[in-house]
Amino acid sequence: MDSSRISLRPFKLTDVDDMMLWAGDDRVTRTIRWKTLTSKEEALTFIKDVCMPHPWRRSICIDDRSIGFVSVFPGSGTVLFYRDDRSRVDLGYAIAVEYWGQGIATKAVKMTIPQVYNDFPEVIRLQALADVENKASQRVLEKAGFLKEGILRKYGYHKGKIVDLVMYSLLSRVC
């Protein structure tokens, strides 16, 4: 895949058909918070009500066609003391199955890093959680420069079960 064909941009309502191809696939949504989208109307509502107003969610595109997403969640502390902590953002991403294993997710994450540090200058830590069984996502993060910090046992409740997650981080060069 020619990496010059890969871009990140805000979601548009016209992404609805492309989004259905990947967000309507249980294999893609299995390890993310989103539920699998089941109709074009549901996808359109999701784009309009969730993607577009999100503080930083981008469509991963090949030749300007949506094949996935990357999101960051600013100030996402999990401990009461740190709730207003703007020095950290959580990263999440997914791409269509047909593009797995081609380096596209890694490229998208690498493209995200400088944009996030530019858009949120107070951020010094990007962090991401990956399911312990999702080795491909762990490799994406490692290839993008994230460091594995450890396994958080029984850390998350995901789609009906308690799961172990691997914590990754990438620190800003200014800290």
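**Entry 1: W22**

I started at W22. Skipping its neighbours within four places in sequence, I listed what W22 touches: F11, V28, W34, S66, I67, G68, F69 and A96. I note that this is a predicted model.

**Entry 2: the core**

Next I asked which residues have the most contacts inside the largest nonpolar core. W22 is one of them, along with M19, I60, L91, L126 and F146. I counted 49 residues in that core. Then I looked up which helix gives the most to this core. It is α4, residues 104-119, with 8 residues. For background, I wrote down that nonpolar side chains tend to be buried together in soluble globular proteins.

**Entry 3: fold layout**

I went through the secondary structure of the protein chain and found 5 helices and 7 strands. Reading from the N terminus, I get the order β-α-α-α-β-β-β-α-β-α-β-β. I then checked the radius of gyration, which is 16 Å. The globule rule gives 16 Å for 175 residues, so the chain is as compact as a globular protein of that length. Along the principal axes, the C-alpha atoms fill a box of roughly 40 × 35 × 30 Å.

**Entry 4: burial, contacts and surface**

How much of the protein chain is buried? I find 48% of the 175 residues in that class. I also looked at contacts with a separation of 6 or more, and 59% of these join residues 24 or more positions apart. For the outside, I have about 9800 Å² exposed by the protein chain. Carbon and sulfur atoms supply 53% of that area.

**Entry 5: charges**

I tallied the charged side chains and got 27 positive and 22 negative. The centres of the two sets lie 4 Å apart.

**Entry 6: positive phi**

I turned to the backbone. Most residues other than glycine have a negative phi. I noted two residues that depart from this.

D63 is not a glycine, yet its phi is positive, about 50°. Where does D63 lie? I place D63 in the loop between β2 (57-62) and β3 (65-74). Its relative accessible area is 46%, so I log D63 as partly exposed.

K154 is not a glycine either, and its phi is also positive, at about 50°. I find K154 within a strand, β6, which covers residues 147-158. Is K154 buried or exposed? Its relative accessibility is 58%, so K154 counts as exposed. The cut-off I used for exposed is over 50%.

Notes: Residues are numbered from 1 along each chain as its sequence is written. This is a predicted model: local features need pLDDT of at least 70, side-chain atom pairs count only at pLDDT 80 or more; totals for chains, interfaces and linings use all residues. Side-chain values use heavy atoms; hydrogens and water are left out. Helices (H or I, at least four residues) and strands (E, at least two) are DSSP runs, numbered from the N terminus. The radius of gyration is taken over C-alpha atoms; the globule rule is 2.2 Å times the number of residues to the power 0.38. Buried means under 20% relative accessible area, exposed over 50%, partly exposed in between (1.4 Å probe, protein chains only). Contact means heavy atoms within 4.5 Å. Accessible areas come from the Shrake-Rupley method with a 1.4 Å probe; for residues, only the protein chains shown count as cover. Lys and Arg count as positive and Asp and Glu as negative; His and the chain ends are not counted. The place of a charge is taken as NZ of Lys, CZ of Arg, CG of Asp or CD of Glu. A nonpolar core is a set of buried Ala, Val, Leu, Ile, Met, Phe, Trp, Tyr and Cys residues joined through side-chain atoms within 4.5 Å.
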